[in-house]
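Subject: Structure for you to look at

Hi,

Here is the structure I promised to pass on. Have a look around it first, then read on for what turned up.

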Amino acid sequence: MMKNIENIELHYLTLDDYKELKEAMIQVYASMPNSYWKENQIKSLIDKFSEGQVVIKINGDLAGCALSIILDYDKFDDEHTYEDITGNFTFDTHDSEGDVLYGIDVFIKKEYRGLRLGRRLYDYRKELTEKLNLRGIAFGGRIPNYHKYAATLTPKQYIEKVKRKEIHDPVLNFQISNDFHPSKILNGYLEGDGNSGEFAVLLEWDNIYYQKKSKKAATKKTVVRLGLIQWQMRLYKDLEELMEHAEFFVDSVSAYRADFALFPEFFNAPLMADYNHLPESKAIRELAKYTPKIVQKFSELAISYNINIITGSMPEVRNELLYNVGYICKRDGTKERYEKLHVTPDEAKIWGMQGGTELRTFDTDCGKIGVLICYDSEFPELSRLLADEGMDILFVPFLTDTQNGYSRVRFCAQARAIENECYVAIAGSVGNLPKVNNMDIQYAQSMVFTPCDFSFPANGIKAEATTNTEMILIADVDLDMLKDLNKFGSVRNLNDRRKDIFELKKK
């Protein structure tokens with residue numbers, strides 16, 4: 001299924017989706033006959049609260065759905081039933097001035113399970129709850145495996161064993177892993193749910209950013225979380241082992257709900273060890289043969305872990321010429337390619353590498369970004385052109401062998417953040433590769449840089465990794481602060497340029 005995915009998108013539910021929705025619910029709730037919403041009920045939900053009704057589509061086909069309403073939660077008893085919450089399935093209980101998002105339904109079709117699409121739906125609910133300044137999310141969670149233990153365990157005992165991982169319950173395990181905490185057991189919650197014994201677990205998630213409406217902040221900030229991978233060079237027996245290690249890092253930064261994962265330049269260089277008997281120019285071309293498989297795997301990971309992955313860089317052969325390229329594998333299933341424009345003298349002399357020709361920004365679900373590979377960050381014209389296109393974040397995957405080589409990238413990258421009023425994230429590799437020619441030693445300290453003004457760190461460093469140590473670096477950057485800086489900063493590098501005496505443009 002993964003290899004056939006061309007596009008994955010989150011949409012608001014419409015009545016045009018009803019036929020697919022009904023068919024999906026009949027499949028998913030096969031153990032409960034006639035457990036699907038009627039068309040008039042779906043229309044009522046959409047009319048009352050369109051933002052709360054979303055579907056995930058893969059290649060245009062409905063793969064999952066989440067339905068919800070807003071409640072004035074204090075009006076409901078702790079012993080409520082599903083019928084109480086939904087107003088006898090009319091959804092007249094929805095209150096746009098309420099304070100809790102209540103989950104009515106969520107499911108993923110069987111053929112699309114394993115892609116972490118459910119987590120994507122719950123992340124949407126959490127973001128919606130924060131956006132609407134609600135105090136949390138609540139819903140009654142089924143316990144579909146309880147019938148197997150009902151003769152020997154009470155619902156409370158069953159839940160405790162699930163929490164201790166002694167029993168696997170697919171629904172409850174999933175909810176707990178997504179930060180929902182069980183608060184009480186509901187008896188007679190959903191009529192006809194025999195597998196759960198008509199019991200449900202009241203699950204809740206608290207919005208830590210909630211503020212009482214009288215104190216609600218006037219401005220909503222847009223915060224993007226970056227995950228930088230400071231990669232340890234080591235030998236791998238094959239591509240599968242290298243990508244297992246890459247997936248470990250994607251999983252790690254995704255667990256922190258990062259929006260981007262940034263890998264270093266030539267992180268896959270250890271695979272050249274098998275070709276160390278060849279001249280360097282031929283060994284690098286053998287490495288290039290892995291690139292399509294690596295990009296495909298990263299695209300699968302981006303979908304599965306709901307994160308945008310910047311793949312660092314890899315060698316790629318096009319029309320018999322060798323280039324240093326990378327890909328942005330987006331969580332919606334699309335891919336974008338970028339090129340290293342300035343190859344180093346060593347890359348040209350030892351490997352016969354060519355410089356690319358395309359410079360552009362990329363639209364993402366977290367703003368407009370640019371990518372410059374290592375040496376390119378040392379040419380200020382490139383990032384200025386990207387800034388003119390509206391770039392918010394510049395990513396710089398790099399590979400440097402010595403501290404002075406690293407310092408060139410590090411200080412130039414920080415200058416790019418100041419002069420272009422943007423964030424810059426750099427990530428490199430550390431360690432040694434004694435069995436790969438021309439890749440012997442690596443030196444790195446990954447960082448996130450900001451402009452230098454009152455709203456930002458005084459030294460322009462948002463976060464920094466430990467030098468020459470394999471690790472991840474997580475940092476939040478606020479895009480709205482860049483807009484404020486551009487208009488009200490102590491200095492305004494973009495606005496104050498003397499365009500009357502000079503200009504910069506692409507040919």
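To start with a pair of helices: at what angle do helix H11 and helix H12 pack, and how far apart are their axes? Keep in mind while you look that this is a predicted model.

H11 covers residues 380–388 and H12 covers residues 403–420. Their packing angle is about 35°, and 10 Å lies between the two axes. H11 passes H12 in a right-handed crossing. If you want to find the spot on screen, pick out Pro-380, Ser-383, Arg-384 and Ala-387 on H11, then Arg-416, Glu-419 and Asn-420 on H12, which together make the contact. Sorted by class, that gives two nonpolar, two polar and three charged residues.

Now a second pair, H7 and H9. Helix H7 runs over residues 239–255 and helix H9 over residues 291–304. Here the angle is about 30°, with the axes 11 Å apart. Angles under 35 degrees count as roughly parallel, so H7 is roughly parallel to H9. The crossing of H7 past H9 is right-handed. On the H7 side, the contact is made by Leu-239, Met-243, Ala-246, Glu-247 and Val-250. H9 brings Lys-293, Ile-294, Lys-297, Phe-298 and Leu-301 to it. What is the mix of classes in this contact of H7 with H9? Seven of the residues are nonpolar, three are charged and none is polar.

Zooming out, the domain assignment splits the protein into domain 1 (8–206) and domain 2 (223–488). Going by C-alpha atoms, the centres of domain 1 and domain 2 are 39 Å apart. The two do meet: nine residues from domain 1 and 10 residues from domain 2 take part in the contact.

UniProt has something to say here too, in an unreviewed entry. It lists residues 8–168 as "domain: N-acetyltransferase". In the model, the end C-alpha atoms of residues 8–168 lie 29 Å apart, and that span is 31% helix and 23% strand. The unreviewed entry also gives "domain: CN hydrolase" for residues 224–479. For residues 224–479, the end C-alpha atoms lie 7 Å apart, with 29% of the span in helix and 29% in strand.

Happy to go through any of this with you at the screen.

Cheers

How values were computed
Residues are numbered from 1 along each chain as its sequence is written. This is a predicted model: local features need pLDDT of at least 70, side-chain atom pairs count only at pLDDT 80 or more; totals for chains, interfaces and linings use all residues. Side-chain values use heavy atoms; hydrogens and water are left out. UniProt positions are given in the numbering used here, feature names are shortened, and annotations may be inferred rather than shown by experiment. Helices (H or I, at least four residues) and strands (E, at least two) are DSSP runs, numbered from the N terminus. Axes are lines fitted to C-alpha atoms, for helices over the stretch in contact, and angles run from 0 to 180 degrees between N-to-C directions. Angles under 35 degrees count as roughly parallel, over 145 as roughly antiparallel, 65 to 115 as roughly perpendicular and the rest as oblique. A crossing is left-handed if the near helix is turned anticlockwise from the far one by less than a right angle, and right-handed if clockwise. Contact means heavy atoms within 4.5 Å. Ala, Val, Leu, Ile, Met, Phe, Trp, Tyr, Cys and Pro count as nonpolar, Asp, Glu, Lys and Arg as charged, and the others, Gly among them, as polar. Domain bounds come from an automatic or database domain assignment.
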